[in-house]
Amino acid sequence: MVNTFMSIASSTSLPEFALEAYGLKKTYPGGKSAPVKEALKGVDLQIPRGSIFGLLGPNGAGKSTFINIFAGLVRKSEGQAKIWSVDIDIDPRRARAGIGVVPQELNMDVFFTPFETLELMAGFYGVPRAERRSEEILKAMGLEDKRNAYVRQLSGGMKRRLLVGKALVHNPPVLVLDEPTAGVDIELRRQLWGYVAELNRQGVTIVLTTHYLEEAQELCDQIAIINHGEVVACESKTELLRRLDTKTLVIDPVEPLDRAPAGFESQEAEIRPDGSLAITYKHGEASVAAMIEIYRASGARIADLRTEEPDLEDVFLALTRQADSGKARRNGVETGRRRDDSGDDCSFDPD
Ligand SMILES: Nc1ncnc2c1ncn2[C@@H]1O[C@H](COP(=O)(O)OP(=O)(O)O)[C@@H](O)[C@H]1O
Ligand SMILES: [Mg+2]
């Protein structure tokens, strides 16, 4: 099939990276109520062609800002961004032909049918009629029978599938999904991942942002962690998981402890503010039974005990602590925070 992707792909040799960012910065100007926000603080990130790449970070980390710069929805403040080797400043139209973005927010014109929505989008990208794939995309998204329904009549899950379809009309070599499963049911999630994996097998590079560690863990082969507008880690999933391969044994003592009992010197053991003893260990490198024995040998008694798996916040704390080693700074993780949506800096230039 001759299409935009093929023309962009055949005109240049296949690039090593699907997306590249060098010193990418974004500062949102402050408004009446919102202060100036440095959402990206100089991000260097190269996303290998052919990967399923996860951009993982808590709410407010800068994931959408990063993605939206590539999508042409947010104007960067500084730095360089390339899509399929094309600099977005030098040739924005060609750069944009290389990427399809499924935005975080469900934004669709509800007065069109799914078929019309796809055709309009294809027209927007200048895909000639003979090369449009609206029927094929509707089928792949399981929306064939909704072809002529109004978008406002679709369920949330169907709308999200249509958004994925919209991002694919120009057959881009890079598909970006911004928090695609937020508020999506399990069945749809499974379907969506099946389809995304199939696209990846066909050679499409997939970039996925998420604040769910498990999601990145399950799907991605490469993961970058972004926090407060900075990339704090970027490595293969296997490497990252090796870092996370820890558990914590938490012992509630009968009598409060002021420090870890003798015998835990070689382990990462700390007294928590509630007086419990928390011992973090690597899977397979320590046994809970042995730790309990050491604890008992100190003469302390156990009121209760449990184990904890690390969560995203722990990963962040660990990584940001490492990044600042020596500075004793603890970087908190923002959770549950929504963007303040002043929206005045968004530019959408259909080009
Ligand atoms: N249009 C905007 N105007 C002002 N601040 C914004 C805007 N969009 C995002 N921000 C702020 O920039 C930071 C990064 O936001 P965002 O990129 O949406 O993060 P994420 O997608 O990781 O949750 C947040 O503090 C958010 O409040
Ligand atoms: Mg976001």
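**Exercise 1.** In this predicted model, determine how many bridges join strand β3 to strand β9, and whether the two strands run parallel or antiparallel.

*Solution.* Begin by locating the two strands, of which β3 covers residues 52-56 and β9 covers residues 222-227. Between them there are four bridges, and the strands run parallel. To follow one of these links by eye, start at L55, whose bridge partner in β9 is A224. In general, strands of a sheet pair through backbone hydrogen bonds, in either a parallel or an antiparallel manner.

**Exercise 2.** Place β3 and β9 within their sheet, and find which helices pack on that sheet.

*Solution.* First, write down the order of the six strands, β6-β7-β8-β3-β9-β10, which form an open sheet with mixed pairing. Next, identify the edge strands, β6 (99-102) and β10 (230-236), each of which pairs on one side only. Neighbouring strands are turned against each other by 15° on average, direction ignored. Then add helix α2 (residues 63-71), which packs on the sheet by touching β3, β6, β7, β8 and β9, and whose direction makes about 145° with that of β7. Finally, add helix α6 (residues 156-168), which touches β6 and β7 and makes about 165° with the direction of β6.

**Exercise 3.** Describe the largest nonpolar core and the surroundings of I83.

*Solution.* The largest nonpolar core has 65 residues, and those with the most contacts inside it are F70, I83, V174, V176 and V207. Leaving aside residues up to four places away in sequence, I83 touches L19, F70, I88, A95, G98, I99 and V174. Apart from this core lies another, of eight residues, among them L277, I279, Y281 and M291.

Technical notes. Residues numbered from 1 in each chain as written. Chains lettered and ligands numbered in written order. Predicted model: local features only at pLDDT ≥ 70, side-chain atom pairs only at ≥ 80, totals over all residues. Core = buried A, V, L, I, M, F, W, Y, C linked by C-beta atoms within 7 Å. Buried ≥ 20, exposed ≤ 12 C-beta atoms within 10 Å, placed from the backbone. Contact = placed C-beta atoms within 7 Å. Pairing = 2+ DSSP bridges. Axes fitted to C-alpha atoms, helices over the stretch in contact; angles between N-to-C directions.
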